[in-house]
Amino acid sequence: MPKNSKTVKRETDDDEVTESVKDLLSNENNCEDSFKKSSLMVGDVLQNKDRDVEEGSEEEEEEEERPAWSSKLQYILAQVGFSVGLGNVWRFPYLCQKNGGGAYLVPYLILLVVIGIPLFFLELAVGQRIRRGSIGVWNYISPRLGGIGFASCLVCFFVALYYNVIIGWSLFYFSQSFQQPLPWHECPLVKNKTNTYVEPECEKSSATTYYWYRVALDISDSISESGGLNWRMTLCLLAAWTMVCLAMMKGIQSSGKINTFSDVCGYFNIFLQLEIMLEPKVWREAATQVFFALGLGFGGVIAFSSYNKRDNNCHFDAVLVSFINFFTSVLATLVVFAVLGFKANIMNAKCVEMNTKKIIDFLGKEINPSLIPHHINFSYVSPEDYQQMTNIIRGVMENDYPRLGLDSCDIKEELNKAVQGTGLAFIAFTEAMTHFPASPFWSIMFFLMLVNLGLGSMFGTIQGILTPIVDTFKIRKEYLTVGCCVLAFSIGLIFVQRSGNYFVAMFDDYSATLPLLIVVLLENIAVAWVYGTDKFFEDLKDMLGFTPYRYYYYMWKFITPVLLLGLLAASIVQLGLSPPSYSAWIQQLAQEQSLSYPPWGLAVCISLVLTAVLPVPVVFILRYLNIIHENAGGLSTVSYKKGCIIEDTACRTREEDEDDTSLLNAKKQSEAPLSKPANYCKQNGSASGADVMFNGSCSTGYIMPNITDNPESNL
């Protein structure tokens, strides 16, 4: 029988009262758990029957009812899987290479300690203590800032839309790796009736570049040319969303087990395979990387921690996951640099070979043979020998040297060609793997690693959407998961058009960066200044069994908000100084060109930013103007005391009942022990002059025994 058909009977000194749970808990989703320990009678309302009511602890009810991780290891691996993603492989190494190599690690570590760990600890703590998703957590702490949770969900949805497309790309390359030689090993030949020639677009670029842009993406020349759907990538996107949907349908247990596999597999594959610090740009990029590497603001961290026991040591978890993330980035950087170094040597050797043939053709014509050192054997010319030859020729033929068209073939220039993102994974790495022995094996392992890393982050991102909605609106998780994935796949068809790569770049640039900065800044302010750092420390002491280091007090209250404001300002300035643009692949030129977005593209960019942060001011205004009452449905507005249900003879009208959305029109939990609510009264004839509190609904109230309250923490 449905839960709403259950009835409750409680005994008072004078009367018997039987109430339908449906009436008692009308519109009170958040307060429902407090009554789950009560003795419930299922069936029709039974008159003149007395039954004792057993009161239970709200925290114990939460522990029993809410799903939980099967082990601490599973939880840690889930958090690691969410934080360690594709950015660790193709963003962090690029920033190291771009900003001075090892010197970049110093500001990164400093900002990890000052921004990353404190904010990661904060999100873990509020999720674990309140045991709700992002919507419930921030509505609990400050109803006027409840829009933070909705903003987090929107950002998660935007990111999930294009992030799963990248997983689809990886699945495509993974499926194409089971052949020898690899399909991107060399340029394809075009045959006609008279002759055979190399594909011009491939000849002007490279085999791997051609395969990526023309075979895999079949990309158009601009974002305005949609070109229709790419059926290969459409199927891969469908496969990616099917994997995510099946993994998430059963909740944290199934996704946690898959995270365990994906993390271990990812690390296995990785093992296979100081003046610059003064520049503000380095610190800004390091802070941004710290910020996104830990998944702050997405809601996934809060969602995962909400399934922990309340006495879990989340401080240890925050430090552990943060440093695992950092060392993973360093390890991935070592592997990436090794692969790129191998590729640079291969490409430099090819350059020397091609330009040596040019020199041989010029001998006796443009170049005097006496300029060639005697020890050089043209059957094999090393990079050092080539540099010596070109230096001599350049010195003698100073004015005529450019006419020869000889490349420098400097390995340093090759190494300085910093690449990131899809260019690193699908062009640079694929080119390097064509020169590996048993190249299909390494290609399979590499793209399997990308799929696993991507899925780990996707699970956390989707959890940041599902958990808050399930907690708030009590929707069946299976239905919500399927609906969310179907909707995301349908919208994601935008990204598998021939122009889809340009939309991926647009969403990556504008749907997450600024909105997440704003979300995390407001999270920090909500806890440190609205709720109060002192109260939060008391909650942490009650939850952890010890008081955290005072260091976090000053970080949360002063240092971190200031740094986040500075980072937000720097990001806004950067966007203002660099007008929105994207890199388009021009087929005729076989190279990338930077193009400005068309007017409708600019409108989409602005809409992505505004839509993501819009819930914050909207909820604030609705709460401030009392269009949505601040006490409506918020966990923080409910105060419970042990007692009995009594009959309220002064019933309200039906219209007033329908407007009620609060079980107890009481003060906030932090104020409940100190003052009586407005609807607090004495019951005539009640034992010992017990107090009565009515819940605002017809015929129901509470007898409040004269006992000493031991209020819990405000949180």
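Here are four short exercises on this predicted model, each with a worked solution.

Residues are numbered from 1 along each chain as its sequence is written. Local features need a pLDDT of at least 70 and side-chain atom pairs count only at pLDDT 80 or more, while totals for chains, interfaces and linings use all residues; side-chain values use heavy atoms, with hydrogens and water left out.

**Exercise 1: confidence**

Find the average pLDDT of the protein, and the stretches where pLDDT is below 50.

Step 1. Recall that pLDDT is the predictor's confidence in each residue, from 0 to 100.

Step 2. The protein averages 78, and 74% of the residues score at least 70.

Step 3. Over residues 1–64 the pLDDT stays under 50, and the model has 130 contacts for them beyond four places in sequence. Here a contact means heavy atoms within 4.5 Å.

Step 4. Residues 633–715 also have a pLDDT below 50, with 176 contacts in the model beyond near neighbours in sequence.

**Exercise 2: the two sides of helix 16**

Check the length of helix 16 (residues 383–396), then work out which residues are buried and which are exposed.

Step 1. Helices (H or I, at least four residues) and strands (E, at least two) are DSSP runs, numbered from the N terminus.

Step 2. The expected span of a helix is 1.5 Å times one less than its number of residues. For the 14 residues of helix 16 this should be 20 Å, and the end C-alpha atoms are 20 Å apart, which agrees.

Step 3. Buried means under 20% relative accessible area, exposed over 50%, and partly exposed in between (1.4 Å probe, protein chains only). In helix 16, the buried residues are Asp385, Tyr386, Met389, Thr390 and Ile393.

Step 4. These residues lie on the same side of helix 16, because they cover an arc of only 125° around the axis. The arc is that of the directions from the helix axis to the C-beta atoms. A general rule helps here: an α-helix has 3.6 residues a turn, so residues three or four places apart point the same way.

Step 5. Glu384 and Gly395 are exposed on the other side of helix 16. The cover over the buried residues includes helix 15 (314–362) and helix 17 (401–404).

**Exercise 3: the disulfides**

Locate the disulfides and say which parts of the chain they tie together.

Step 1. A disulfide is a pair of cysteine sulfur atoms within 2.5 Å, and the structure holds 2 of them.

Step 2. Cys187 is joined to Cys202, S to S 1.9 Å. Cys187 lies in the loop between helix 8 (147–175) and strand 4 (189–191) and Cys202 in helix 9 (residues 200–204), so the pair ties together parts 15 residues apart in sequence.

Step 3. Cys187 is partly exposed at 22% relative accessibility, whereas Cys202 is buried at 1%.

Step 4. The other link joins Cys351 to Cys409, also with S to S 1.9 Å. Since Cys351 is in helix 15 and Cys409 in the loop between helix 17 and helix 18 (411–415), this pair ties together parts 58 residues apart in sequence. Both Cys351 and Cys409 are buried.

**Exercise 4: a hairpin**

Describe how strand 6 (residues 581–586) and strand 7 (residues 591–596) pair.

Step 1. Two strands pair if DSSP finds at least two bridges between them. Strand 6 and strand 7 have 6 bridges and run in the antiparallel sense.

Step 2. Trp585 stands opposite Glu592 in strand 7.

Step 3. The hairpin has 4 residues between its strands, and Ala590 takes a positive phi near 55°.
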